[in-house]
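Trainee: I should like to go through this protein with you, beginning with its overall make-up and then turning to its helices. May we take it step by step?

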Amino acid sequence: MSLRLYDTAARAVRDFTPLRPGEASVYVCGLTVQGPPHVGHVRAAVAFDVLRRWLTASGLEVTYVRNVTDIDDKILVKAAEHGVPWWAWAYTNELACTRAYDALGVLPPTYEPRATGHVTDMVALVERLVERGHAYTVDGDAYFDVRSFPRYGELTRQALADLQPAADTDTDERKRDPRDFALWKAHKPGEPETASWPTPWGPGRPGWHLECSAMAGRYLGAEFDIHGGGLDLRFPHHENERAQSMAAGLPFTRYWMHNGWVTLGGEKMSKSLGNTALVDEVVRRVRPVELRYYLVAPHYRSTVEFTDAALAEAAAAYRRIESFVHRAAERAGRDTATGLPPAFREAMDDDLGTPAAIAVVHEVVRAGNTALAEGDDAALADALGAVRGMLGVLGLDPLDPHWAAGGGADGRLAEVTDGLVRLALEQRQAARARKDYAAADALRDQLTALGVQVEDTPQGPRWELTR
């Protein structure tokens with residue numbers, strides 16, 4: 001393969017060589033379902049969805065695992081604040097995450113394990129670490145002994161002596177070293193009995209880091225190709241995952257990939273900071289496909305500053321592409337297949353270079369518009385095929401059934417909207433036929449005021465949304 005990916009552990013772009021020829025195995029840290037997702041959360045889902053699509057387009061059979069962390073300190077606290085069972089709170093927000101993924105056209109993972117469904121795997125992993133001298137238990141808690149693993153800190157290039165205590169327990173009194181991190185947390189008085197599982201060292205629940213190591217091993221084996229997640233997960237989460245897995249004798253992942261933050265007012269978008277833009281709210285201002293374009297267009301490792309102006313600019317850019325696809329498809333038909341342009345392939349092979357890839361899309365759209373204006377049907381069909389192929393890799397093809405059905409929303413609503421606009425256009429045509437141009441112009445003005453742009457073509461009037 002010619003694909004090159006930036007490996008966070010190596011601090012360099014490396015040639016991607018799959019563990020098994022013809023296959024690719026990917027584990028991406030999903031969300032801790034303590035609340036509904038914001039734009040910063042779904043950026044990781046969209047970024048690694050593009051990776052998955054490109055691996056598939058490159059001829060690989062992809063096994064893609066994205067977990068759900070449905071037991072966690074924050075979930076217990078939030079559920080208690082709202083007076084509902086922790087598992088009900090977790091599931092409600094899991095559904096909100098699924099709704100956001102679906103709205104943005106993120107393909108369902110091959111497997112989507114919940115942490116609570118893999119406690120036996122986690123207990124077995126703790127026992128293995130204890131047996132190998134890398135973990136210890138104290139009064140129902142289990143901790144990873146960071147000093148027992150000389151390679152601790154390699155992922156983030158930090159020396160053990162420079163690290164602060166692991167802030168994952170109320171007290172460090174039980175730890176041999178304050179930097180040791182919790183693998184398992186003993187059940188505490190006042191916590192729900194349902195948030196506790198039996199173990200040889202006492203009842204309790206898993207620590208966050210333990211969960212992903214166990215689930216990755218269950219579905220992808222001792223070694224797999226790519227582990228992905230947001231940049232904020234590098235430390236301590238991924239550092240701890242790597243340490244406990246390798247200390248247990250597992251090779252773990254061959255490539256580490258991390259997407260950049262979405263910031264608001266210059267700070268990382270975060271529930272704890274209160275500076276979030278919930279996906280459910282943003283997709284009321286722009287269509288889900290336009291939000292996806294906004295997240296795909298920058299390089300996945302870059303920081304994106306979230307502003308309404310930038311979002312509007314991205315939406316306008318996508319509508320230009322969308323307009324060409326619809327107009328070209330009316331002329332050339334939808335069944336136009338063309339290979340991906342070499343420049344697009346080069347951009348995607350260069351660490352998923354979506355900015356350059358999007359530039360190729362716009363370049364071909366401009367050539368396609370020229371062919372459309374000049375009546376060059378052969379060139380138009382080639383351009384349409386190339387554009388749709390590229391947009392398919394990016395998850396942005398306007399003719400994909402997902403977007404054609406309403407951009408991840410209610411497909412019935414899209415059908416009704418189309419029917420009502422077409423009814424208005426028929427009335428406008430009838431007014432023009434009887435030479436009542438004032439009525440025809442009034443209908444067009446009313447549609448324009450609603451954000452519907454009408455274009456008269458030799459094949460009849462066509463419409464598209466302008467906002």
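The exchange below treats the whole chain, then one helix, then two helix pairs.

Trainee: How many helices and strands are there in the protein?
Mentor: Please bear in mind that this is a predicted model. Its C-alpha atoms fill a box of roughly 90 × 50 × 35 Å along the principal axes. Within the protein there are 15 helices and 15 strands.

Trainee: What share of the residues in the protein is buried?
Mentor: A residue counts as buried when its relative accessible area is under 20%. The protein has 467 residues, and the buried portion of them is 51%.

Trainee: What share of the contacts with a separation of 6 or more joins residues 24 or more positions apart?
Mentor: The count takes the contacts in the protein whose separation is 6 or more. Of these, the share from residues 24 or more positions apart is 74%.

Trainee: How far apart are the end C-alpha atoms of helix 5, and what span should its residues give?
Mentor: Helix 5 covers residues 208-220, which is 13 residues. At 1.5 Å a residue the expected span is 18 Å, and this agrees with the distance between the end C-alpha atoms, which is 19 Å.

Trainee: Which residue follows helix 5, and what is its phi?
Mentor: Helix 5 has several buried residues, including H209, E211, M215 and L220. Directly after the helix the phi is positive, near 90°, and the residue is G221.

Trainee: Why are helix 9 and helix 12 described as oblique to each other?
Mentor: Two packed helices are described by the angle and the distance between their axes. For helix 9 (residues 308-332) and helix 12 (residues 377-394), the axes come within 10 Å and cross at roughly 135°. That angle falls outside the parallel, antiparallel and perpendicular ranges, so the pair is oblique.

Trainee: Which residue classes make up the contact of helix 9 with helix 12?
Mentor: Helix 9 contributes residues including F324, V325 and R331, while helix 12 contributes, among them, D377, L384 and R388. By class, the contact has no polar residues, 3 charged and 12 nonpolar.

Trainee: What is the orientation of helix 11 relative to helix 12?
Mentor: The axes of helix 11 (residues 354-374) and helix 12 come within 9 Å and cross at roughly 155°. An angle over 145 degrees counts as roughly antiparallel. The two helices are therefore roughly antiparallel.

Trainee: How many nonpolar residues are in the contact of helix 11 with helix 12?
Mentor: Among the residues that meet are V361, V364 and G368 in helix 11 and A383, V387 and M390 in helix 12. The contact has no charged residues and 2 polar ones, and its nonpolar residues number 15.

Conventions. Residues numbered from 1 in each chain as written. Predicted model: local features only at pLDDT ≥ 70, side-chain atom pairs only at ≥ 80, totals over all residues. Heavy atoms only, no water. Helix = DSSP H or I, 4+ residues; strand = E, 2+ residues; numbered from the N terminus. Expected span 1.5 Å × (residues − 1). Buried < 20%, exposed > 50% of the residue type's maximum accessible area, 1.4 Å probe, protein only. Axes fitted to C-alpha atoms, helices over the stretch in contact; angles between N-to-C directions. Parallel < 35°, antiparallel > 145°, perpendicular 65-115°, else oblique. Contact = heavy atoms within 4.5 Å. Nonpolar A, V, L, I, M, F, W, Y, C, P; charged D, E, K, R; others polar.
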